[in-house]
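Please look through the sequence and the structure shown here before reading on. The report is meant to be read beside them, one region at a time.

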Amino acid sequence: MPQMIFVNLPVKDLETAKGFFGKLGYSFNPQFSDERTACLVISDTIFAMFLQEERFKDFTKKEIADASASTEVILALSADSREKVDELADAALANGGSPANEPQDLGFMYGRSFQDPDHHIWEVIWMDPSAVQDQG
């Protein structure tokens, strides 16, 4: 069985988070979701668990970072092409996301980023497969 990752993120409003990522074309696994938690399916092995802040506090003794004022994590998603990078970033910005950083174009690598409604930073990156092979 391949190893899976579940990234846990606190959210202020679960329905807003679900609506935002639903508009970007993502689905949720109802088996791992309830009224305070939603399991965003990114791939067969990658998931983001959105937990209402009160529920998130059940898993840590630390304060929850205010993502509008500080950055604790940057989530990077791969894309199949430069066009797919633009599609996802444009959809995020059109559906309630906000800009995070300037686009990055290195020729062999292209990326854009956005903040979701809870100010978590998401990067979308395409890299030329031949450039990756050349590095080996």
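The sections below describe a predicted model, starting with a helix and then turning to aromatic rings, nonpolar cores and a few single residues.

## Helix α1 and its two sides

Helix α1 covers residues 14-23, and within this helix Leu14, Ala17, Phe20 and Phe21 are buried. When the helix is viewed down its axis, these buried residues fall within an arc of 135 degrees, so they line one face of α1. On the face turned away from that buried side, α1 carries the exposed residues Glu15 and Lys23.

Both ends of the helix have a feature that can be found in the model. At the N-terminal end, Asp13 acts as a cap, with a side-chain oxygen 3.0 Å from the backbone nitrogen of Glu15. After the helix comes Gly25, whose phi is positive, near 100 degrees.

## Aromatic rings around Phe21

The model holds eight aromatic pairs. In one of them, the ring centres of Phe21 and Phe50 are 5.2 Å apart and the ring planes are at 35 degrees, so this pair is tilted. The pair joins distant parts of the chain, since Phe21 belongs to helix α1 and Phe50 to strand β4 (residues 46-52), with their positions 29 residues apart in sequence. Phe21 has a relative accessible area of 2% and is therefore buried, and Phe50, at 0% relative accessibility, counts as buried because the cut-off is under 20%.

Phe21 also pairs with Trp122: their ring centres are 5.1 Å apart and their planes are at 55 degrees, so this pair too is tilted. Here again distant parts of the chain are linked, with Phe21 in helix α1 and Trp122 in strand β9 (residues 121-127), 101 residues apart. Trp122 is buried as well, at 2% relative accessibility. Phe20, Phe21, Tyr26, Phe28, Phe50, Phe114 and Trp122 form one aromatic cluster.

## The nonpolar cores

Which residues touch the most other members of the largest nonpolar core? Among its 23 residues, they are Phe21, Leu24, Tyr26, Leu40, Phe50, Phe114 and Trp122. At least two residues of this core come from each of β1 (5-11), α1, β3 (37-41), β4, β5 (74-78), α3 (82-94), β8 and β9, and α1 gives the most, with four residues.

Leaving aside residues up to four places away in sequence, Phe21 touches Tyr26, Phe28, Leu40, Phe50, Asp116 and Trp122. There is also a second, separate core of five residues, which includes Phe47, Met49, Leu51 and Phe56.

## Charged side chains

Arg112 lies in strand β8 (residues 109-115). Is Arg112 buried or exposed? With a relative accessible area of 15%, Arg112 is buried, because the limit for that word is under 20%. The side chain of Arg112 makes a polar contact with the side chain of Asp90, at 2.8 Å. Residues touched by Arg112, when those up to four places away in sequence are not counted, include Val85, Asp86, Ala89, Leu93, Pro103, Trp122 and Val124. Another arginine is placed beside a ring, as the charged end of Arg82 sits over the ring of Tyr110, 4.4 Å from its centre.

Glu54, found in helix α2 (residues 53-56), is exposed, with a relative accessible area of 54%. The side chain of Glu54 makes a polar contact with the side chain of Lys57, at 3.4 Å. Glu54 and Ser98 are 44 residues apart in sequence, and their C-alpha atoms are 24 Å apart in space.

## A residue with a positive phi

Most residues other than glycine have a negative phi. His119 is not a glycine, yet His119 has a positive phi of about 70 degrees. His119 is placed in the loop between β8 and β9, and at 32% relative accessibility this residue counts as partly exposed.

Terms used: Residues are numbered from 1 along each chain as its sequence is written. This is a predicted model: local features need pLDDT of at least 70, side-chain atom pairs count only at pLDDT 80 or more; totals for chains, interfaces and linings use all residues. Side-chain values use heavy atoms; hydrogens and water are left out. Buried means under 20% relative accessible area, exposed over 50%, partly exposed in between (1.4 Å probe, protein chains only). A polar contact is a pair of N or O atoms within 3.5 Å; within protein, one must be able to donate a hydrogen and the other to accept it, and residues adjacent in sequence count only if both atoms are side-chain atoms. Contact means heavy atoms within 4.5 Å. Rings of Phe, Tyr and Trp (its six-membered ring) pair if their centres lie within 6.5 Å; planes under 30 degrees apart count as stacked, over 60 as edge-to-face and the rest as tilted. A charge sits over a ring if NZ of Lys or CZ of Arg is within 6 Å of the ring centre and within 35 degrees of the ring normal. The arc is that of the directions from the helix axis to the C-beta atoms. A nonpolar core is a set of buried Ala, Val, Leu, Ile, Met, Phe, Trp, Tyr and Cys residues joined through side-chain atoms within 4.5 Å.
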